[in-house]
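Subject: Handing over the structure

Hi,

Here is the structure I promised to pass on to you. Have a look around first, and then read on for what turned up in it.

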Amino acid sequence: MNNRDVLIGLHELEGVGWKTIDLVVTKFPELWVLPTLSGSDLRAAGLRGAVAEQIAAKLTPSFIEEKLQLYNKHGVQLVTRMDAEFPAILNEIAGPPWVLYAKGRIALLKEHLLGMVGTRTPTLYGKKIAEEWASALSRAGLGIVSGLARGIDSRAHAGALQGPSSTVAVLGCAINQIYPRENALLYRRIEEEGVIISEYPIGCGMHPGMFPQRNRIIAGLSLGVTVVEAAEDSGSLITVEHALDASRDVFAIPGPIHSRQSGGVHKLLKDGAKLVTQVEEIVEEYKHLLGKADFSMIGKANPVLSLTPDELEIYRIVSEEPVSIDTLIEATQFTFGHLHGVLLSLVLKKAIKQLPGSSYIRA
């Protein structure tokens with residue numbers, strides 16, 4: 001066993017958290033010795049009794065090998081703080097993850113990235129801004145980091161996939177869990193064209209505290225964080241707090257003054273966030289890293305990709321006049337879940353657009 005494998009095994013143990021690993025690494029820089037130590041050895045080093053016994057009893061070569069095989073079977077890449085692939089920028093935050101579980105192009109983690117966050121219930125304005133700006137930033141050389149949540153996150157990922165810099169999705173659950181379920185198609189696209197990461201191992205149960213915790217990784221991977229729409233009590237503002245703690249830039253896109261979804265954004269502006277009304281204003285901050293940016297395609301939709309039979313059926317029904325989701329269910333006899341997946345695919349392909357009230361028109 002080498003140090004890296006033992007670190008992974010340690011990370012997999014139930015009840016062993018970030019602080020315990022930090023203590024173990026401090027006390028035993030040569031982690032490979034851990035499987036040879038007894039509980040009393042570990043207690044003498046300062047570990048709590050129950051944790052010491054857990055490590056002594058379960059951190060065996062066979063346990064570690066079993067875990068490594070599990071991730072290999074699931075096509076999950078493991079990136080530890082001991083690896084060259086681990087993004088150095090992430091070491092600048094408080095409590096950087098010891099292990100990242102990843103699917104996709106892990107090289108993106110070391111590219112120039114910008115966080116984009118906001119409300120889970122955006123207005124049409126917020127959806128449009130998030131997708132168009134993420135697309136433009138991706139073409140300019142900035143990959144987009146977000147949390148694969150409903151709303152602004154989803155639109156930011158979808159927009160970033162339209163450019164070469166792509167996107168990084170940071171999950172608040174285990175790498176093999178798709179949450180929310182309606183983002184399954186988007187998850188698969190990011191897995192193929194971007195990268196999905198989590199600090200939570202397979203088998204880790206989901207609880208609400210995991211989602212705010214992952215926000216420090218979104219901020220840590222990013223040169224700066226852009227807030228599109230957020231109410232004053234929005235959870236996305238936790239990402240801003242982490243960004244400020246890590247000395248990252250914070251950009252805020254203003255919205256209508258009476259819009260609740262923009263209340264948190266406007267407060268950020270009062271508190272000193274950078275006001276941005278054009279994509280170029282963000283790119284200008286990083287032009288020394290990015291070189292010459294091309295904005296010639298901003299606002300232009302991508303050509304419609306080849307459509308599946310189900311997508312084509314929906315596309316023929318949708319026209320220049322809004323069509324409701326109830327009308328589409330009646331016309332196609334699709335289940336709601338299947339129809340939602342087909343509609344999301346058409347939106348991602350820029351074939352149709354979603355309007356308020358769950359209606360759709362051709363793009």
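A word on naming before anything else: helices (H or I, at least four residues) and strands (E, at least two) are DSSP runs, numbered from the N terminus. With that in hand, you can place P180 in the loop between strand 5 (167-170) and helix 8 (184-193). The peptide bond that joins Y179 to P180 is cis, with omega at about 0°. Please keep in mind that this is a predicted model.

Another loop is worth a visit. L148 sits between strand 4 (143-146) and helix 7. Its phi is positive, about 60°, although L148 is not a glycine.

Now the sheets. One of them is open and has 9 strands, in the order 1-2-6-5-4-3-7-8-9, with mixed pairing. At its edges stand strand 1 and strand 9 (274-275), each of which pairs on one side only. Within this sheet, strand 3 (residues 113-117) and strand 4 run parallel and are joined by 3 bridges. If you would like a pair to look for there, G115 has V145 of strand 4 as its bridge partner. Helix 9 (residues 210-221) packs on this sheet, and it touches strand 2, strand 3, strand 4, strand 5, strand 6 (195-198) and strand 7 (224-227). The direction of helix 9 makes about 155° with that of strand 5.

There is also an open sheet of 3 strands, ordered 10-12-11, and its pairing is antiparallel. Strand 10 (323-324) and strand 11 (352-355) each have a single partner strand, so one side of each is left without a neighbour in the sheet. Strand 10 and strand 12 (residues 359-362) run antiparallel, with 2 bridges between them. In one pairing to look at, V323 is matched with Y360 in strand 12.

On to the helices. Two packed helices are described by the angle between their axes and the distance between the axes. Helix 6 (residues 124-140) packs against helix 7 (residues 152-160) at about 35°, and their axes are 7 Å apart. This crossing is right-handed. On the helix 6 side the contact is made by G126, K127, A130, E131, A134, S135 and S138, and on the helix 7 side by I152, R155, A156, G159 and A160. By class, that contact has 5 nonpolar, 4 polar and 3 charged residues.

Helix 14 (residues 309-317) has contacts with two helices that I would point you to. Its axis and that of helix 15 (residues 325-332) come within 11 Å and cross at roughly 125°. Helix 14 is therefore oblique to helix 15. The crossing of this pair is right-handed. Here E313, I314 and I317 of helix 14 meet L328, A331 and T332 of helix 15. The residues in this contact divide into 4 nonpolar, 1 polar and 1 charged.

With helix 16 (residues 336-348), the axis of helix 14 comes within 10 Å and crosses at roughly 80°. Because of that angle, helix 14 counts as roughly perpendicular to helix 16. The residues in contact are D310, E311, I314 and Y315 from helix 14, together with H338, L339, V342, L343, S345 and L346 from helix 16. They comprise 6 nonpolar, 2 polar and 2 charged residues. I314 is worth clicking on, since I314 appears in the contact with helix 15 and in the contact with helix 16.

Last, the charged pairs. How many salt bridges does the count come to? The total is 17. In one of them, the side chains of E92 and R248 meet at 2.8 Å, N to O. This pair links distant parts of the chain, 156 residues apart. E92 lies in the loop between strand 1 (77-80) and strand 2 (99-104), while R248 lies in the loop between helix 10 (237-245) and strand 8 (249-252).

Enjoy exploring, and do write back with any questions.

Best wishes

Methods: Residues are numbered from 1 along each chain as its sequence is written. This is a predicted model: local features need pLDDT of at least 70, side-chain atom pairs count only at pLDDT 80 or more; totals for chains, interfaces and linings use all residues. Side-chain values use heavy atoms; hydrogens and water are left out. Axes are lines fitted to C-alpha atoms, for helices over the stretch in contact, and angles run from 0 to 180 degrees between N-to-C directions. A crossing is left-handed if the near helix is turned anticlockwise from the far one by less than a right angle, and right-handed if clockwise. Contact means heavy atoms within 4.5 Å. Ala, Val, Leu, Ile, Met, Phe, Trp, Tyr, Cys and Pro count as nonpolar, Asp, Glu, Lys and Arg as charged, and the others, Gly among them, as polar. Angles under 35 degrees count as roughly parallel, over 145 as roughly antiparallel, 65 to 115 as roughly perpendicular and the rest as oblique. Two strands pair if DSSP finds at least two bridges between them. A salt bridge is a side-chain nitrogen of Lys or Arg within 4 Å of a carboxyl oxygen of Asp or Glu.
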